[in-house]
Amino acid sequence: MTEINKNENFAGEVSEYVVSDKVLAKISKKVVDKVDGVLDIQRGFFDNITSTFSTDSESTSGISISQKDMDSVVEAGIILEYGKRAEEVFRNLDKAIKTEIKNLTGINVKAVKVNIVDILTKEEFKKKQEQEEKNK
C-alpha cells in the first residue's frame, strides 16, 4: 500500500501525517455514491465473495488508488444509469472526486479514470440487486 506523508517544518522539527490508499478510496466511494447517473461501482468476482463474509459497510472494492509524493490517481469501474450522458456523469465524478480529496486530505488528484462496465435502467439494476441478494 502506498501512503503519502505531508511534512512541514516547525522550529527544526518535522511533523507529518499519512493518508492511506484506503482512506482515499473511501472518500472516492462516498463521492461516487452521490453522483447522479452512477448506479453502482463494479466489483469483481472476488470482491463479491469477500463482501459476503465482510461486515465492513464502507467497502471500497471497485476503486483503485495509486499515489506518488502528494499526487494520486483514482480508478473506478461504474454502472451507468441508462438515459444519462456518460460525458456529463464523468465530468461530475472527476470534479467531485478531485475537490473532495483535495479538501479533506490536501492530496492532489492528477487523474480520475472511469471504466463504464455496464449500463442499466434503475429498474434493471434493482432486479439485479434483488437477484444477487437471493443468491447469497
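# Close-up views of a predicted model

**View 1. Lys 29, with a relative accessible area of 13%, is buried.** The model shown here and in the other views is predicted. The Lys 29 side chain forms a salt bridge with that of Asp 33, at 2.8 Å from N to O. Both residues belong to helix α1 and stand four residues apart, so about one helical turn separates them. Asp 33, at 48% relative accessibility, is partly exposed. Lys 29 counts as buried because its 13% falls under the 20% limit for that class. Side chains of opposite charge can pair when their charged atoms come close.

**View 2. Helix α1 and the elements that cover its buried residues.** The helix runs over residues 21-34. Its 14 residues reach 20 Å from the first C-alpha to the last, close to the 20 Å expected at 1.5 Å a residue. Buried along α1 are Asp 21, Leu 24, Ala 25, Ile 27, Ser 28, Lys 29, Val 31 and Val 32. The cover over these residues includes strands β2 (13-20), β3, β4 and β5, together with helix α3.

**View 3. Ser 28 and its contacts.** Ser 28 sits in helix α1 and is buried, with a relative accessible area of 1%. Beyond four places in sequence, Ser 28 touches Ile 63, Ile 65, Val 74, Ile 97 and Ile 101. Val 74, one of these partners, touches Ser 28 as well as Ile 63, Ser 64, Ile 65, Ile 97, Ile 101, Val 109, Ala 111, Val 112 and Lys 113, again leaving out residues up to four places away.

**View 4. The largest nonpolar core, with 22 residues.** The members that touch the most other members are Val 38, Ile 63, Val 74, Leu 93, Ile 97 and Ile 101. At least two residues of this core come from each of α1, β3 (38-41), β4 (63-68), β5 (71-81), α3 and β6 (108-120). Helix α1 gives the largest share, five residues.

**View 5. Val 38 in strand β3.** Val 38 is buried, at a relative accessible area of 12%. Its contacts beyond four places in sequence are Val 32, Ile 78, Ile 79, Val 89 and Leu 93. Ile 78 is 40 residues from Val 38 in sequence, but the two C-alpha atoms are 6.6 Å apart in space. Leu 93, another of these contacts, is listed with Val 38 among the core residues that touch the most other members.

**View 6. The hairpin of β4 and β5.** The two strands pair in the antiparallel sense over six bridges, and Ile 63 stands opposite Ala 76 in β5. In a regular strand the side chains alternate between the two faces of the sheet. On β4, the covered face holds Ile 63, Ile 65 and Gln 67, while Ser 64, Ser 66 and Lys 68 make up the uncovered face. Two residues lie between the strands of the hairpin. Asp 69, in the loop between β4 and β5, has a positive phi of about 55° although it is not a glycine. Asp 69 counts as exposed because its relative accessibility, 60%, is over the 50% limit.

**View 7. Salt bridges along helix α3.** The search of the whole structure finds seven salt bridges. Lys 98 and Asp 94 meet through their side chains at 3.3 Å, N to O; being four residues apart in α3, they are separated by about one helical turn. Lys 98 is partly exposed at 28% relative accessible area, whereas Asp 94 is buried at 17%. A network of salt bridges with shared partners joins Arg 85, Glu 87, Glu 88 and Arg 91. Within it, Arg 91 bridges to Glu 87, with the closest N and O atoms 3.2 Å apart. These two residues also lie in α3, four residues apart, about one turn of the helix. Arg 91 is partly exposed, with a relative accessible area of 44%.

**View 8. Confidence along the chain.** The mean pLDDT of the chain is 85, and 81% of the residues score at least 70. Among the elements, helix α3 (residues 86-105) has the highest mean, 97, and helix α2 (residues 45-53) the lowest, 42. Over residues 45-57 pLDDT stays under 50, and the model has five contacts beyond four places in sequence for this segment. Where pLDDT is low, the predicted coordinates should not be read in detail.

Note on methods
Residues numbered from 1 in each chain as written. Predicted model: local features only at pLDDT ≥ 70, side-chain atom pairs only at ≥ 80, totals over all residues. Heavy atoms only, no water. pLDDT = per-residue confidence, 0-100. Contact = heavy atoms within 4.5 Å. Buried < 20%, exposed > 50% of the residue type's maximum accessible area, 1.4 Å probe, protein only. Core = buried A, V, L, I, M, F, W, Y, C linked by side-chain atoms within 4.5 Å. Pairing = 2+ DSSP bridges. Expected span 1.5 Å × (residues − 1). Salt bridge = Lys/Arg side-chain N within 4 Å of Asp/Glu carboxyl O.
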